[in-house]
Each structure stands twice: as C-alpha cells, then as structure tokens.
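Open your viewer and get ready to select residues by number. We will take one stop at a time, and at each stop you can check what is on your screen.

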Amino acid sequence: MTGNHQGLALVLFTVFVSVTLAITAWAGRRRSSSVEFFAGGRLFSPLENGFAIAGDYLSAATFLGISGLIALFGYDGMLYSVGFLVAWLVVLFLVAELVRNCGRYTLADVLSARMKQRPVRIAAGTASVVVSVLYLVAQMVGAGSLVALLLGGQGSAARTWTVVGVGALMVFYVTFGGMRATTWIQIVKAVLLMGGTLALTVLVLIRFHGDLGGLLRAAADGSGHGRAYLAPGLKYGGNWTSRLDFMSLGLALVLGTAGLPHILSRFYTVPTARSARRSVVWAIGLIGSCYLMIIVLGVAAAAVVGSDAVRTSNAAGNTAVPLLALDLGGGAGSAGGTVLFAVVGAIAFATILAVVAGITLASSASVAHDLYATLRRPRPGAPRREHEDVRVARLAAVGIGGVAIGLSLFAQGQNVAFLVGLAFAVAASANLPVLLFTLFWRRFTTRGAVWSVYGGLVPAVALVVLSPVVSGSPDSLFPGMDFAYFPLQNPGLVSIPLGFLAGWVGTLLTREPADADAYAEVEVRALTGAGAA
C-alpha cells in the first residue's frame with residue numbers, strides 16, 4: 001500500500017470522525033431525560049427515520065461481507081442479499097406498528113405490557129444483550145479487515161488497535177450523544193453509503209458498456225469456477241449438511257430482522273405508529289436498491305479483481321469492494337485509484353461506526369431499562385429516577401464495548417456477513433417467537449414467555465459453540481481444538497423452532513390462565529395506538 005493511499009485514507013477518516021464528534025457534541029447539549037437519550041425525543045420524521053433505519057441495517061456485513069461472499073461464491077453469496085431484504089416484509093406487516101404502539105424503549109416493554117414484569121424483563125434484556133454483542137463482534141471484525149488493508153498493516157497489532165479505536169468511538173457516541181446523535185450519524189452514513197455504492201455501480205457499468213451478460217461471463221472466468229460460479233451449490237450444495245446449512249441460514253436471515261434490538265428501538269423514535277410504518281417503507285426502498293447495487297459490485301469484484309486476488313487479500317472476502325474501487329480508479333499507484341480506494345474505505349469505516357453506535361445504544365438501553373431497573377430493589381413507593389437509567393446506560397455502553405472488543409479479536413478470520421448471520425439466528429430464536437406470541441396469542445402466559453426466550457437463546461448459543469464455527473476446522477475460532485458436535489454452521493434450523501416450541505409448551509404447563517383483560521388492552525393499544533407512549 002502506498003503512502004498516498006494511507007495519507008488520503010487517514011485524512012478522510014479524520015474528516016468523518018470529526019463530523020460525527022461534532023454531531024455528538026451538539027446532541028449532548030440537550031437535557032438527558034430517558035425519552036431523549038433512548039428515543040431521541042420521538043421527534044424524527046418518517047423520512048429521517050427511514051434513512052436512519054437503512055443506516056442502522058446496512059452494516060459492514062452488507063458493504064464488505066456480502067460483496068465478498070458474492071465475489072468468492074457467486075450465486076450462493078447473493079442469497080444473503082435476498083434473505084436480508086425479504087426479512088423486512090415480516091417487519092412491515094407483523095412488527096413495526098404494533099411494537100411502536102405497545103412499547104417505550106425496548107422489546108421487554110412490549111412483553112411486560114401483559115406479563116409479569118420481573119421475569120420477562122430479565123429474560124428479554126439478557127437476550128437483547130447477547131444478540132447485540134454478537135452483532136458488534138461482526139462489525140468490529142469488518143473494521144479490523146478494512147483499516148488493516150487501508151493503512152497497509154496486515155499484522156495483528158494493526159487489527160487490534162483498529163478494533164479498540166472503533167470501540168472507543170462507539171462508546172463516546174452513545175455516552176455523550178444518545179439516540180439523537182446516533183440517528184443523525186446513521187443518516188449521514190446512509191447518504192454516504194448510497195452515494196458510494198451508486199458511484200461504483202455506475203463505474204462498473206461504464207467499464208462493461210452496460211452489458212450485464214458480459215459482466216457475468218467475466219465474473220465466471222475471474223472466479224476460477226467457470227459457469228459453476230453462476231449456479232447454486234458452490235458454497236452450500238456439496239452435500240446434505242451444506243444444504244441444511246443453507247436452509248438454516250435462510251430461515252435466520254428472513255426471521256432475524258424482526259428480533260434485532262437495535263432495529264426495534266428505531267420504531268420508538270417517531271411520534272406515531274403510522275410514522276413507524278412509513279419509516280419502514282422508506283427503509284425498504286433504500287435497503288433494496290442498495291442490495292441490488294451490492295450484487296453488481298460483488299460480481300464485478302470477481303470479474304475485475306478476480307476471486308483469487310480477493311481471497312489472497314482477505315480469506316473471508318471482506319476486502320472485495322475496496323480492491324474493486326482501486327482497480328476501477330485506475331489501479332495501484334494511480335491518482336484515481338488512490339482517491340477512489342480511500343473514499344470507499346472511508347465510507348465503509350463510516351458504515352461500521354454508525355452501526356456499532358446503534359447496536360451499543362440498544363443493548364445499553366436493555367441493561368439500564370430492563371435488567372438494572374428490574375434487579376435493583378428500590379424502597380416501596382419510591383419514584384423511578386430517569387437520570388439514573390441514563391447514567392446506568394452510559395456505564396453499560398462501556399462494559400458492552402469492552403466485551404465486544406475482546407470477543408472480536410478472536411474472530412478476525414471470519415466473514416462479516418457470516419457472523420451477522422449467527423446474530424440473526426439468535427435474534428430469531430430468542431426474540432421473535434416471544435414477540436409474536438405476545439402480540440397474537442390470547443392464551444400466552446408469563447411462563448410461556450420466559451420459556452420461549454430461554455428456549456431459543458440457550459440452544460442457539462450452545463449450538464454455535466458446538467458448531468464448526470468455533471472448533472474443528474482450519475477456519476474456526478479455535479482451529480487446534482475439536483468439539484464440533486453440531487454439524488451446521490448456523491443453528492437457526494434447530495433453535496428457531498425450539499423457541500416457538502418452548503413458548504407453546506410453557507404456556508400449556510401454566511396452571512393459572514392468561515390475563516384476558518391485559519391481552520385485550522394490549523390488542524387495542526397495538527391496533528389503535530390508544531395509550532401509546
């Protein structure tokens with residue numbers, strides 16, 4: 001990597017970080033009430049929130065991970081884009097408006113509206129923190145791969161300091177800016193990401209004179225797999241285990257979005273349920289167009305850079321788009337290549353910072369609003385102090401950031417999109433079943449809710465630990481050990497049905513019936529917004 005690349009990349013990084021720090025300082029001047037810190041005062045418009053949702057959702061897994069998987073595996077890599085996008089139909093039709101009407105800041109608010117507060121808040125808060133930490137690990141792995149490449153340092157020291165730096169920035173954003181700063185950072189990032197992917201897509205189409213067929217043929221040749229690159233099975237079709245793994249991944253991607261804590265928290269930043277639904281419509285348009293362009297960029301990386309070159313740079317494929325930008329700009333050593341490479345790197349860095357800020361805020365809200373507020377025992381009749389929730393959330397952000405930094409240092413060799421797929425599987429197993437049961441099943445009880453959360457969370461995490469992701473293969477976290485007793489890499493095919501089954505069994509085994517009046521109240525509030533925060 002030349003000094004020009006490094007210098008320009010550092011300048012662009014510095015500019016973006018300076019802008020985000022200024023936004024944080026501006027937002028931090030406002031009064032730190034709970035509604036301001038956790039929901040931005042509920043003052044964002046559907047358009048603003050739609051851009052923020054897109055900025056929150058289009059993570060390093062999209063820009064770096066999916067494009068890399070497409071560059072390496074062709075058709076099978078594209079399936080990630082399909083799963084991530086289709087998931088928003090579940091959010092639009094089943095979740096967005098109802099969650100906005102029933103909750104205040106977190107998933108546990110929806111559950112406790114008709115259940116006993118203490119057990120469901122502890123269960124939902126625990127699940128939200130676990131999902132958030134897994135998602136944070138994926139983003140920080142992307143940060144390590146990206147900045148190590150941009151700054152010319154492929155050693156472990158460069159990756160370690162990059163991860164630590166990103167963690168420190170995300171803690172600062174959340175601690176001092178809250179939801180308002182996080183939202184505006186995500187809006188700025190969404191605009192940068194959409195503009196960057198559009199510019200690269202236009203350059204790719206110009207390179208191939210608008211001939212998509214020629215682009216696909218060149219990608220097949222550059223991949224080293226020939227026509228197999230354009231057909232199913234390159235990654236997931238070798239045997240029945242890989243086919244089941246694909247089914248498990250697809251189920252996790254489609255159902256996981258509706259259970260992600262940082263996505264659910266975005267519905268509380270708008271004033272009404274109608275605004276939440278319109279936000280999702282805006283987000284679907286932005287996210288869908290971005291995924292279409294990401295597919296073009298992934299295929300172009302195979303065609304222009306070559307799959308072997310991408311794999312040499314990063315075995316998981318996380319550097320495919322930056323390498324493509326370097327070639328489209330004129331190649332290594334050219335002024336155009338230097339500028340485009342650094343700009344794309346800065347956009348990817350902005351993507352990572354914005355997403356980790358949103359995830360950290362959602363998880364710290366769960367710690368403060370659900371776990372701490374439930375586990376502490378205030379004096380009977382003592383009023384709940386909002387500023388104490390905010391203070392605990394800020395401390396929680398520091399702790400969660402430290403845990404995510406530590407775990408991500410062990411996962412630097414994994415593909416970002418693959419790691420996000422694991423987080424989606426845990427979210428779909430622990431959060432989605434209990435959310436749907438609470439909203440739509442009249443007989444659902446507190447025991448069923450607790451069993452549903454733990455019945456999905458524990459198997460999902462346990463199966464990941466016992467899978468080839470952690471041990472038993474050269475690409476695992478601990479390649480020198482082998483306790484991979486579960487053959488699939490993604491646990492969704494097993495853990496998601498277990499989450500639903502545990503909720504059903506727990507409800508049937510409950511002696512006391514469900515509170516019919518509480519369900520009727522939740523149903524009215526969910527459908528009409530009467531009494532919503």
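What follows is a walk through some helices, their crossings and a few single residues. Keep in mind that this is a predicted model.

**Stop 1: helix α15**

Start by selecting residues 335–375, which make up helix α15. How far apart are the C-alpha atoms at the ends of α15? They are 58 Å apart. At 1.5 Å a residue, the 41 residues should span 60 Å, so the two values agree.

Now look along α15 for a bend: there is a kink of about 25°, centred on V367. Next, colour α15 by accessibility if your viewer can do that. The helix is mostly covered, with 35 of its 41 residues buried.

Stay on α15 and pick T374, which is in this helix. Is T374 buried or exposed? Its relative accessibility is 12%, and buried means under 20%, so T374 counts as buried. Show the residues around T374 and, leaving aside neighbours within four places in sequence, you will find it in contact with R118, R121 and I122.

**Stop 2: a glycine in α7**

Select residues 117–150 to bring up helix α7, and click on G142 in that helix. G142 has a relative accessible area of 0%, so it is buried. Draw a distance from the C-alpha atom of G142 to that of A357: the separation is 15 Å, for two residues that lie 215 residues apart along the chain.

**Stop 3: two helices that cross α12**

Select residues 273–305, which form helix α12, together with residues 212–223, which form helix α9. The axes of α9 and α12 come within 7 Å and cross at roughly 55°. Because of that angle, α9 is oblique to α12. The crossing is left-handed. To see which residues make the contact, show L215, L216, A218, A219, G222 and S223 on α9, with V296, V299, A300, A302 and A303 on α12.

Keep α12 on screen and add helix α4, residues 60–73. Here the axes come within 8 Å and cross at roughly 50°. That angle makes α4 oblique to α12. Which hand does the crossing of α4 and α12 have? It is right-handed. On the α4 side, the contact is made by T62, F63, I66, S67, I70 and A71. On the α12 side, look for Y291, I294, I295, G298, V299, A301 and A302.

**Stop 4: V321 in α14**

Select residues 320–328 for helix α14, where V321 is found. V321 has 1% relative accessibility, so it counts as buried. What does V321 touch, not counting residues up to four places away in sequence? Show F63, S67, L200, L297 and V344 to see its contacts. You have just met F63 and S67 in the contact of α4 with α12. For a distance to draw, try V321 to V19: they are 302 residues apart in sequence and 24 Å apart in space, C-alpha to C-alpha.

**Stop 5: helix α8 and the loop after it**

Move to helix α8, residues 156–207, and click on V202. V202 has a relative accessibility of 39%, so it counts as partly exposed. Draw a line from V202 to M293: the pair is 91 residues apart in sequence and 9.4 Å apart in space, C-alpha to C-alpha.

Now select H209, in the loop between α8 and α9. Its phi is near 55°, a positive value in a residue other than glycine. H209 counts as exposed because its relative accessibility is 75%.

Compare that with R42, in the loop between α2 (34–39) and α3 (46–57). R42 also has a positive phi, of about 55°, although it is not a glycine. Is R42 buried or exposed? With a relative accessible area of 10%, R42 is buried.

**Stop 6: α18 beside α19**

For the last stop, select helix α18 (residues 432–440) and helix α19 (residues 446–465). They pack at an angle of about 160°, with their axes 8 Å apart. That angle is why α18 is roughly antiparallel to α19. Show P433, V434 and F437 of α18 and A449, S452 and V453 of α19, which make the contact. α18 passes α19 in a right-handed crossing.

Notes: Residues numbered from 1 in each chain as written. Predicted model: local features only at pLDDT ≥ 70, side-chain atom pairs only at ≥ 80, totals over all residues. Heavy atoms only, no water. Helix = DSSP H or I, 4+ residues; strand = E, 2+ residues; numbered from the N terminus. Expected span 1.5 Å × (residues − 1). Bend = angle between axes of the 7 residues up to and from the residue. Buried < 20%, exposed > 50% of the residue type's maximum accessible area, 1.4 Å probe, protein only. Axes fitted to C-alpha atoms, helices over the stretch in contact; angles between N-to-C directions. Parallel < 35°, antiparallel > 145°, perpendicular 65-115°, else oblique. Left-handed = near helix turned anticlockwise from the far one by under 90°. Contact = heavy atoms within 4.5 Å.
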